[in-house]
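Trainee: Please take a close look at one single part of this structure and explain how that part is packed. I would be grateful for one connected account that also places the part within the whole chain.

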Amino acid sequence: MRAVIQRVTRAQVSVEGEVLGSIGTGLCVLVGATHGDGAAQTSKIARKIAQLRILRNIEGDDDPSRRVSAEESDAPILLISQFTLYADVRKGRKPGWSHAAPGPVAEPLVEDVARELRETYGLQVEEGKFGAMMEVQIVNDGPFTILVEA
C-alpha cells in the first residue's frame, strides 16, 4: 500500500457536485493498494496515518519537536482511494496501471484502513466514493506532504 499524507487546513471531496466528505485542520490521505496487500499493510498504513507527528500542536506551533499526531490531537482524516499512486511511468508517455490492485481487491483494503482509523485510533474519518470520478479540494498546510509505503 501507498499513502500520500498531507497536512491540511481544510479539504473536501465531491462527486457530481455533492460533497461526500469535508474536514478542517487535519490530514488528507490519498491511499492506493497493489497486488499482495493485506491486513499487515492496512494496519501499518493506518498506524502511520494516526501516529505520525506532523500536525501543529494545540497552540499552532510548528516546531518539529512539538508537533503532534492525529491520534494525539483528535484531528480528522479525509481518506481518498487513489489507484493512480501505482502508476508505472518508466516507459513511454502513458502511465500503466498494472501495479494497482483491481477494484474488488483494493476497495476492501481501503475500507479496512478507514475502519482501523475509526475503531483502533478513535479518529473521525471522512471518505470519498471508491471508483468514482472525485473532485478533491485541498488546502495544504506548509505545504507538508509525506509518502508512506507499507
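Mentor: Axes here are lines fitted to C-alpha atoms, for helices over the stretch in contact, and angles run from 0 to 180 degrees between N-to-C directions. Helices (H or I, at least four residues) and strands (E, at least two) are DSSP runs numbered from the N terminus. The model is predicted, with local features requiring pLDDT of at least 70 and side-chain atom pairs pLDDT 80 or more, while totals for chains, interfaces and linings use all residues. Numbering starts from 1 along each chain as its sequence is written, and side-chain values use heavy atoms, with hydrogens and water left out.

The part I have chosen is the packing of helix α1 (residues 39-51) against helix α3 (residues 103-119), whose axes come within 9 Å and cross at roughly 45°. The two helices are therefore oblique to each other (under 35 degrees is roughly parallel, over 145 roughly antiparallel, 65 to 115 roughly perpendicular, and the rest oblique). The crossing of α1 past α3 is right-handed, the near helix being turned clockwise from the far one by less than a right angle. On the α1 side, the contact (heavy atoms within 4.5 Å) is made by T42, S43, I45, A46, I49 and A50. On the α3 side, L109, D112, V113, E116 and L117 take part. Sorted by class, this contact has 7 nonpolar, 2 polar and 2 charged residues; Ala, Val, Leu, Ile, Met, Phe, Trp, Tyr, Cys and Pro count as nonpolar, Asp, Glu, Lys and Arg as charged, and the others, Gly among them, as polar.

Three residues of α1 may now be followed along the helix. T42 lies in α1 and is buried at a relative accessible area of 3% (buried is under 20%, exposed over 50%, partly exposed in between, with a 1.4 Å probe and protein chains only). Apart from neighbours within four places in sequence, T42 touches M1 together with L109, D112, V113 and E116.

A46 also belongs to α1, and its relative accessible area of 0% makes it buried. Beyond its neighbours within four places in sequence, A46 is in contact with V113, E116, L117 and Y121. The C-alpha atoms of A46 and A114 are 7.7 Å apart in space, although 68 residues separate the two in sequence.

I49, again a residue of α1, is buried with a relative accessible area of 1%. Once neighbours within four places in sequence are set aside, its contacts are V113 and L117, together with I5, L27, V29, A70, I77 and L79. I49 thus touches L79, from which it is 30 residues away in sequence and 10 Å away from C-alpha to C-alpha. V113 of α3 appears in the contacts of T42, of A46 and of I49.

As for the setting, the protein chain has 3 helices and 6 strands, in the order β-β-β-α-α-β-α-β-β from the N terminus. Its radius of gyration is 15 Å, close to the 15 Å that the globule rule gives for 150 residues, so the chain is as compact as a globular protein of that length; the radius is taken over C-alpha atoms, and the rule is 2.2 Å times the number of residues to the power 0.38. The C-alpha trace spans about 45 × 35 × 30 Å along its principal axes. Buried residues make up 41% of the 150. Among contacts with a separation of 6 or more, 72% join residues 24 or more positions apart.

Some sites elsewhere in the chain complete the picture. In strand β6 (residues 135-149), L147 is exposed at 54% relative accessibility; outside its neighbours within four places in sequence, it is in contact with A3 and V4. L147 lies 13 Å from K44, C-alpha to C-alpha, with their positions 103 residues apart in sequence. P143 also has its place in β6, and the peptide bond leading to it from G142 is cis, with omega near 0°.

Two loop residues other than glycine have a positive phi. E16, with phi of about 50°, is found between β1 (2-15) and β2 (18-23) and is exposed at 82% relative accessible area. D74, with phi near 55°, sits in the loop between α2 (70-73) and β4 (77-81) and is exposed at 55%.
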